[in-house]
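Open the structure in your viewer and keep the selection tool ready. The stops below say what to pick and what is there.

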Amino acid sequence: MKKFMKGIGALAIALLSLVGCTSKSTQQLQEAKCPIKIGLVTDTNGIDDMGINQESWNAISAYAKDQGLSVSCYSYLQATSESDFIPFLSQMGEDEMDIVIVPGSTISSVLEEVAINYPSTSYVAIASIEASNVVAVEFDHDSPMYLAGVTAALKAVAAQANKVGYIGYEESSLNEIAFKEGVAYVAPELEILSSYVGDSSVEDTQKVAHDLYNEGAYVIYADSSSNILGVYNETSTRRSNGEDVWLIDLSEELPVEGEYVSSVLIGISYDMGTVIRNCIKEKRALTLIKEGIKTIYMGNDTGYSLVNTNNLSPEMLVTISEINEKIIHGEIVIGSSIVEIEEENTEKE
């Protein structure tokens, strides 16, 4: 398990005014006397995606409140299409932001060509970027994905169900493998129904969840933050109609009235907020860059925990805790099925 280590002008303003996607005006930011100016540019999922964008903005807002910063010292731009990425990232540089958070992996893909034009601005991105003024954040996903599989299996077995669902970004990802291994550890007899949504809309993702539930999935795990809202909507609707179905997700921002089993507390929620605050504090991102530290690894030495556990029995929580301890101490090696697949392919050759 990885450990946390130290590891154009007027045109843009006009565009900003037209789109109306920022929380503060550029003029306000320029006029404010700010000890630090913080920006965030979302991907197309929006600022209220109940996922990584919302969690990132909450972390920035909380830090600003704690430090007594003027509301004009921090701002976000909300992309509605990929064509917004470059002009919005550029706008942050034009506004001479000290630190800009770029939480979406899709938008991070164009950051490299923008960041080089604004060397005085430090960017924090969820991707590995070859730019001197960008700090990359990488997550240990294996353990929480495995625990999500364990949780799904425990819930399904208790209900005498025989199917669970997985919704991911793309097929055969390491996240999917870890989830399936977690399911198999508890109940290898369970059938896992998998679907992949890529950059699908909330409505399209909800339809995917609809189909998985109709095929018999008792619990669905939504891997990507871009998938959560659509799956939540479908799960919530069905539970409101009296159906016994459940959702496991990665976000700390979803409602907690009981529509889903639990939220795996990992870097995408709790730790993401922590790393953002650490990067903002005393302009730490600038210091990291000056020290040549280009990557921050997010992990948790004590394992991962669950929130909103009211829908899990005491026995389930004990089992999850015991399995978590085995992961921490190396008694469970996540990703072993990858080796098996590689060996099978070698034999075929």
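In which hand does α9 pass α10? Right-handed: that is the crossing α9 makes with α10. Bear in mind throughout that this is a predicted model.

**Stop 1: α9 and α10**

Select residues 202–214 for α9 and residues 228–240 for α10. Their axes come within 7 Å and cross at roughly 50°. Angles from 35 to 65 degrees fall in the oblique class, and α9 and α10 are therefore oblique to each other.

Now show the side chains at the contact. From α9, pick Val 202, Thr 205, Gln 206, Ala 209, His 210, Tyr 213 and Asn 214. They meet Leu 229, Gly 230, Val 231, Asn 233, Glu 234, Thr 235 and Arg 238 in α10. Colour the contact of α9 with α10 by class: five residues are nonpolar, seven polar and two charged.

**Stop 2: α7 and α8**

Move to α7 (142–158) and α8 (174–186). The axes of α7 and α8 come within 7 Å and cross at roughly 40°. α7 and α8 are therefore oblique to each other. Their crossing is right-handed.

On the α7 side, select Asp 142, Met 145, Tyr 146, Ala 148, Gly 149, Val 150, Ala 152, Ala 153 and Leu 154. On the α8 side, select Asn 175, Ala 178, Phe 179, Glu 181, Gly 182, Val 183, Tyr 185 and Val 186. Colour by class again: the contact of α7 with α8 has 12 nonpolar, three polar and two charged residues.

**Stop 3: α7 and α13**

Keep α7 on screen and add α13 (314–328). How far apart are the axes of α7 and α13, and at what angle do the helices pack? The axes are 10 Å apart, and the angle is about 150°. That makes α7 roughly antiparallel to α13. The crossing of α7 and α13 is right-handed.

α7 brings Ser 143, Tyr 146, Leu 147, Val 150, Thr 151, Leu 154, Lys 155 and Ala 158 to the contact. α13 brings Met 316, Thr 319, Ile 320, Ile 323, Asn 324 and Ile 327. By class, the contact of α7 with α13 divides into nine nonpolar residues, four polar and one charged.

**Stop 4: the cores**

In soluble globular proteins, nonpolar side chains tend to be buried together. Here the largest nonpolar core has 29 residues. Select Tyr 146, Phe 179, Leu 190, Tyr 221, Ile 323 and Ile 327, which have the most contacts inside it. The elements giving two or more residues to this core are α7, β6 (163–168), α8, β8 (219–222), β9 (246–249) and α13. Which element gives the most? α7 does, with nine residues.

Centre on Phe 179. Residues up to four places away in sequence aside, Phe 179 touches Met 145, Tyr 146, Ala 148, Gly 149, Ala 152, Gly 165, Tyr 166, Ile 192 and Tyr 221. Then look for a second, separate core of 25 residues. Ile 36, Trp 57, Leu 69 and Tyr 74 are among its members.

**Stop 5: Thr 42**

Go to the loop between β1 (38–41) and α3 (52–67), where Thr 42 sits. Is Thr 42 buried or exposed? Thr 42 counts as buried, at 0% relative accessibility. Beyond its neighbours within four places in sequence, Thr 42 is in contact with Ile 47, Asn 53, Leu 77, Gln 78, Ala 79, Phe 85 and Ile 107. Draw a distance from Thr 42 to Ser 105: their C-alpha atoms are separated by 9.9 Å, with these positions 63 residues apart along the chain.

**Stop 6: Glu 96 and Met 97**

Find the loop between α4 (85–94) and β3 (99–102); Met 97 is there. Glu 96 lies in the loop between α4 and β3 too. Glu 96 is exposed, with a relative accessible area of 60%, whereas Met 97 is buried, at 1%. Check the backbone of Glu 96: phi is positive, about 55°, although Glu 96 is not a glycine. From Met 97, draw a C-alpha distance to Ile 38: 5.8 Å, for residues 59 apart along the chain.

**Stop 7: Gln 160**

Finish in the loop between α7 and β6, at Gln 160. Gln 160 also has a positive phi, about 60°, and is not a glycine. Its relative accessible area is 76%, so Gln 160 is exposed.

Notes:
Residues numbered from 1 in each chain as written. Predicted model: local features only at pLDDT ≥ 70, side-chain atom pairs only at ≥ 80, totals over all residues. Heavy atoms only, no water. Axes fitted to C-alpha atoms, helices over the stretch in contact; angles between N-to-C directions. Helix = DSSP H or I, 4+ residues; strand = E, 2+ residues; numbered from the N terminus. Parallel < 35°, antiparallel > 145°, perpendicular 65-115°, else oblique. Left-handed = near helix turned anticlockwise from the far one by under 90°. Contact = heavy atoms within 4.5 Å. Nonpolar A, V, L, I, M, F, W, Y, C, P; charged D, E, K, R; others polar. Core = buried A, V, L, I, M, F, W, Y, C linked by side-chain atoms within 4.5 Å. Buried < 20%, exposed > 50% of the residue type's maximum accessible area, 1.4 Å probe, protein only.
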